Amino acid sequence: MRSDETLLAELEPIAGQLLERHLSTSKEWFPHALVPWGRGRDFEPDYEWSADEVELPDEVRSSLFVNLLTEDNLPYYFRTIERMFGADTAWGTWARRWTAEEGRHSIVIRDYLTVTRAVDPVALERARMAQVECGEVPEPETALDGFAYVALQELATRIAHHNTGKLLTDRAGYEVMKKVASDENRHHLFYRDLVSAALELEPSATVCAIERQVRTFEMPGTGIVDFEVHAKAIAKAGIYDFAIHHDQILLPVVLRHWGIEALEGLDAEGEEARAALVKRIERIGKAGRRFAARRQEADATPERHLAAV
Ligand SMILES: [Fe+2]
Ligand SMILES: [Fe+2]
């Protein structure tokens, strides 16, 4: 089994190619151009936000709140990413580019929310301070764990942004979320294909890492004030839940794209991890269908940590 250092050095040419692909498929865009500034007005000193500002279901408000706070916190992942990947070569270039893009996401969503007053700006700022101050960022065990986690997380974020945008009746809001979601998709593709390359180099260790990350997966919004309450609302609105996690991430990426079931040359540990992974995905799918059906009936079902499934 290669050390992280050797693995990263061997994967560096692939990271370089994926970075090139990312840059050549990204079109420059500007947050200011997407924000409907004409709808903005000054906030008086005694301003108190009320939900009547904008007609919006609470679930969608929850999602905007969580999605923005997530974006706010992502640039602080830089510490972990640079420690894991190093500051030089294509790895460092990618980490800095990614950080700058995530920063752009929070700029555009915050400007949009401030102008439209869709979310309480005081609650939002307090929550941002609390989240960044608590400094909660993922600390994956190995580089392979890091790749697997972000491959899943970027796609999850893309889906959450896109589905939130679809529920906004406001065209400008829809365009903001769609633009951010398309960046997340490119981030996902970078990591998805990096995992494919790692599966060729180190199939067993990579399957073990994927298994660990699927088992413990949490949306990056953990650490946000009242995250559980918001996550429940987000699931209720069909923006992100177990069924989506299974049908749009685990099935198409882990099973189909990475072809986990057809991998050859696994050692005993890899075989064991593969069996556990396939079983877990099946269970998450079943739980997703059960929760969705129950939600329809009762309108309120707690969706807990994926590891509990
Ligand atoms: Fe983002
Ligand atoms: Fe992203």
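Me: What is the geometry of the site of the iron ion (ligand 2), with its 4 donor atoms?
Reply: Keep in mind that this is a predicted model. The angles among the 4 donor atoms run from 91 to 137 degrees. Four donors count as tetrahedral only if all angles lie between 85 and 135 degrees. The upper value goes past that limit, so the site is called irregular.

Me: Which residues are the protein donors of the iron ion (ligand 2)?
Reply: Look for atoms lying 2.0 to 2.2 Å from the ion. Three glutamates give an OE atom and a histidine gives ND1. In sequence these donors follow the spacing E-x51-E-x29-E-x2-H. They are E102, E154, E184 and H187.

Me: Which residue coordinates both the iron ion (ligand 2) and the iron ion (ligand 1)?
Reply: The two ions are 3.7 Å apart, and one residue coordinates both. That residue lies in helix α5 (residues 89-116), while E154 lies in helix α7 (residues 143-167), so the pair ties together parts that are 52 residues apart in sequence. The shared residue is E102.

Me: Why is α3 called oblique to α6?
Reply: Helix α3 (residues 58-73) and helix α6 (residues 121-134) have axes 10 Å apart and pack at an angle of about 40 degrees. Angles under 35 degrees would count as roughly parallel, and 65 to 115 as roughly perpendicular. The angle here fits neither range, so α3 is oblique to α6.

Me: How many nonpolar residues does the contact of α3 with α6 have?
Reply: On the α3 side, the residues include F65, L68 and L69, and on the α6 side they include A123, L124 and V132. The contact also has 3 polar and 2 charged residues. The nonpolar count is 7.

Conventions:
Residues numbered from 1 in each chain as written. Chains lettered and ligands numbered in written order. Predicted model: local features only at pLDDT ≥ 70, side-chain atom pairs only at ≥ 80, totals over all residues. Heavy atoms only, no water. Axes fitted to C-alpha atoms, helices over the stretch in contact; angles between N-to-C directions. Helix = DSSP H or I, 4+ residues; strand = E, 2+ residues; numbered from the N terminus. Parallel < 35°, antiparallel > 145°, perpendicular 65-115°, else oblique. Contact = heavy atoms within 4.5 Å. Nonpolar A, V, L, I, M, F, W, Y, C, P; charged D, E, K, R; others polar. Donors = N, O, S within 2.8 Å, 3.2 Å for Na, K, Ca; no water. Tetrahedral: all angles 85-135°; square planar, octahedral: opposite > 155°, others 65-115°.
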